[in-house]
Amino acid sequence: MNKVLLFNPRSAENKPRIPNSIMNIAASINGKYEWVIVDGNCEQDASAKIESYLQTGEFSYLGFSVMPGPQLRQAIPIAKLVKQKFPKTTMIWGGYFPSNHSKVVLDSGYVDFIINGPGDNAFPQLLDALEEAKPYELIKNLIYKADGKIYKTIKEDLLDQDALPRLPYTQLGDFYPIERYLGKTYLGQRTLAYHSSIGCPFTCSFCAVVPIYEARWKGKSAQHIYNDVKYIKDKWGADAIEFHDNNFFVSEKRAVDFARLIKPENMSWWGMARIDTMDKFKDSSLAELRESGCKIIFFGAESGNDSVLEQMDKGGTQTGAQIIRFAERLRKFDIIPEYSFVLGTPAPTPQQVQSQIDFEIDFIKKVKAVNPDTEIIIYTYSPVPTEGSHLYEDVLKSGFTFPQVLEDWISPAWESFDLRKNPLTPWLQPEMIDKIRNFETVLNGLYPTVTDIRLNSIKRRAIKLVAALRYKTSLYKYPYEIKLLHKVWRYRQPEIQGF
Ligand code: B12
Ligand code: SF4
């Protein structure tokens with residue numbers, strides 16, 4: 001039987017995390033097909049490694065996991081090279097990028113199939129069909145091209161997450177030591193990345209999860225999560241957990257059940273949530289979460305302006321007032337809120353775009369005033385193709401288009417778009433982007449992130465000192481002195497380098 005090569009392109013400069021996307025795919029074929037993993041985060045030369053496997057002639061199938069941004073830097077040239085040198089192999093891409101940008105990926109000519117969303121059934125079914133030369137057209141969650149036309153098959157219902165096969169950690173360890181994936185972070189000495197649920201029940205109009213999961217969510221049970229975590233703790237010494245779920249806290253009961261189970265294990269943990277969902281949690285639940293080791297929670301605050309929140313379809317219940325009130329509420333429980341904001345959404349005139357940015361800057365300062373420990377992450381709005389949303393309609397009306405050629409996605413400009421730093425959208429003028437980035441520099445100067453564990457107290461004090469006056473007087477222009485210190489001390493930004 002033909003073997004399968006699974007590739008996780010490099011996504012982090014350092015600190016590799018357990019490659020959960022590709023591990024789920026490995027689990028789906030484990031015991032049925034022989035597979036190997038190449039993790040770009042752990043290889044000096046991933047391309048050479050892949051070639052050395054393919055030269056054995058044993059591998060027919062390649063599965064690449066691709067999210068937008070720097071992963072494309074390896075995914076695109078390596079896929080192209082593989083198709084040139086080993087034209088008989090079948091190239092299958094999965095993950096957020098190909099699912100949301102299927103046309104440009106399939107038009108490249110070097111990707112044969114896309115798994116659209118979860119691949120736990122679709123991937124093994126596709127391999128079976130190809131191995132046995134049977135039709136694949138009825139396999140759910142598949143995108144392919146035939147006779148120049150792109151076909152998307154229907155989506156599968158979300159699977160019972162507890163029924164999925166366990167991730168093959170021991171086999172991963174045959175390729176790369178598991179200890180290497182358990183990095184030192186703000187949370188602990190050996191931090192485990194774990195993914196306990198898929199999708200999200202909401203439909204925010206800027207979010208890439210929506211077109212794939214269409215407001216569906218399914219989670220593993222608290223007991224199941226605990227069993228997995230405990231196994232890794234006992235076997236490899238994990239002492240902290242990063243939950244990579246889009247929305248870990250959808251169910252108050254599941255979160256509290258997990259807190260009760262994990263508390264005796266003395267582990268710190270972190271996850272992502274919505275403000276309006278968690279604001280409904282009882283005080284006793286928040287207290288239990290903290291006591292169990294939950295130190296910091298990431299929230300998509302997005303905007304302090306209620307009409308922008310409505311434009312973003314933020315579920316209808318989150319308000320600016322609530323964002324501030326909730327930051328204050330979490331302070332009482334000693335949980336650090338990590339608030340992310342999306343600045344630079346479209347508006348009818350440049351003046352309105354600018355005044356909205358100014359409003360958000362003032363709003364962020366208000367949040368900081370009520371809870372200075374709040375971590376602030378600032379993104380600029382980079383459209384995702386959430387067909388049918390008003391926000392995306394505004395985007396299309398503005399004349400914005402995505403690249404038509406796959407290689408264009410790795411140009412510096414589009415990479416910056418992916419990183420949500422400089423999004424190339426027609427309504428954002430360069431001086432607006434400068435203002436956002438300069439404010440961010442000053443803010444990060446006065447309030448360096450707690451997640452940067454290399455920044456000692458002397459360095460922190462030095463940066464704070466130079467940034468304080470600028471912050472107080474709203475003088476954000478040309479913050480070269482702060483940028484220099486950030487550069488010299490290699491200040492880390494959690495949104496790019498890992499949370
Ligand atoms: C971990 C993570 C990271 C880590 C990577 C860690 C590391 N060191 O490798 C870090 C923090 C570096 C990161 C960075 C970025 N990320 Co990121 N990241 C994630 C996160 C939280 C988890 C991914 C994961 O493991 N999922 C678990 C698996 C099980 O789910 P899955 O990936 O969906 O996989 C399933 C299917 O998609 C499919 N599948 C996936 N791969 C494959 C491959 C094959 C062959 C097949 C068949 C199927 C398949 O099957 C899987 C199982 O069913 C996701 C959000 C999320 N919860 O998924 C965001 C996410 C993927 N990231 C995203 C983005 C945008 C980025 C950035 C590009 C930008 C940014 N500023 O955030 C940066 C890029 C920086 C960089 N250096 O690359 C977005 C993508 C949005 C979009 N527009 O498409 C997401 C969805 C977050 C979000 N909601 O906005 N990220
Ligand atoms: S709540 Fe978060 S993950 Fe869910 S749709 Fe909104 S932005 Fe996306």
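Two residues are taken to be in contact if their C-beta atoms, placed from the backbone, lie within 7 Å. In this predicted model, 19 residues of domain 1 are in contact with 22 residues of domain 2. The domain assignment places domain 1 at residues 3-152 and domain 2 at residues 182-428. Taken over C-alpha atoms, the centres of domain 1 and domain 2 are separated by 27 Å. On the side of domain 1 that touches domain 2, two or more residues each come from helix H3 (71-85), helix H4 (96-100) and helix H5 (102-107). This side of domain 1 comprises nine nonpolar, seven polar and three charged residues.

Ligand 1 is surrounded by 44 residues, of which Gly63, Gly69, Gly94, Gly119 and Ala208 are the closest. The elements that contribute two or more residues to this shell are helix H1 (20-29), strand S3 (59-65), strand S4 (90-94), helix H4 and helix H22 (494-497). Helix H4 is thus named twice: it gives two or more residues to the side of domain 1 that touches domain 2, and two or more to the shell around ligand 1. The most is given by H1, which supplies five residues to the shell around ligand 1. By class, the shell around ligand 1 divides into 20 nonpolar, 18 polar and six charged residues. Both domains take part in the shell around ligand 1, with at least three residues drawn from each of domain 1 (3-152) and domain 2 (182-428).

The surroundings of ligand 2 consist of Cys200, Phe202, Thr203, Cys204, Cys207, Val209, Val210, Asn246, Asn247, Arg274 and Gly300. Six residues of the shell around ligand 2 are nonpolar, four are polar and one is charged. The charged residue is Arg274, while the polar residues are Thr203, Asn246, Asn247 and Gly300.

A helix pair was also examined. The axes of helix H10 (residues 222-236) and helix H11 (residues 252-262) come within 8 Å and cross at roughly 35°. The crossing of H10 and H11 is right-handed. On the H10 side, the contact is made by Ala222, Gln223, Ile225, Tyr226 and Val229; on the H11 side, by Arg254, Asp257, Phe258, Leu261 and Ile262. Seven nonpolar, one polar and two charged residues make up the contact of H10 with H11. The charged residues, Arg254 and Asp257, belong to H11, and the polar residue, Gln223, belongs to H10.

How values were computed. Residues are numbered from 1 along each chain as its sequence is written. Chains are lettered from A and ligands numbered from 1 in the order in which they are written. This is a predicted model: local features need pLDDT of at least 70, side-chain atom pairs count only at pLDDT 80 or more; totals for chains, interfaces and linings use all residues. A residue is near a molecule or strand if its C-beta atom, placed from the backbone, lies within 6 Å of it. Axes are lines fitted to C-alpha atoms, for helices over the stretch in contact, and angles run from 0 to 180 degrees between N-to-C directions. Helices (H or I, at least four residues) and strands (E, at least two) are DSSP runs, numbered from the N terminus. A crossing is left-handed if the near helix is turned anticlockwise from the far one by less than a right angle, and right-handed if clockwise. Domain bounds come from an automatic or database domain assignment.
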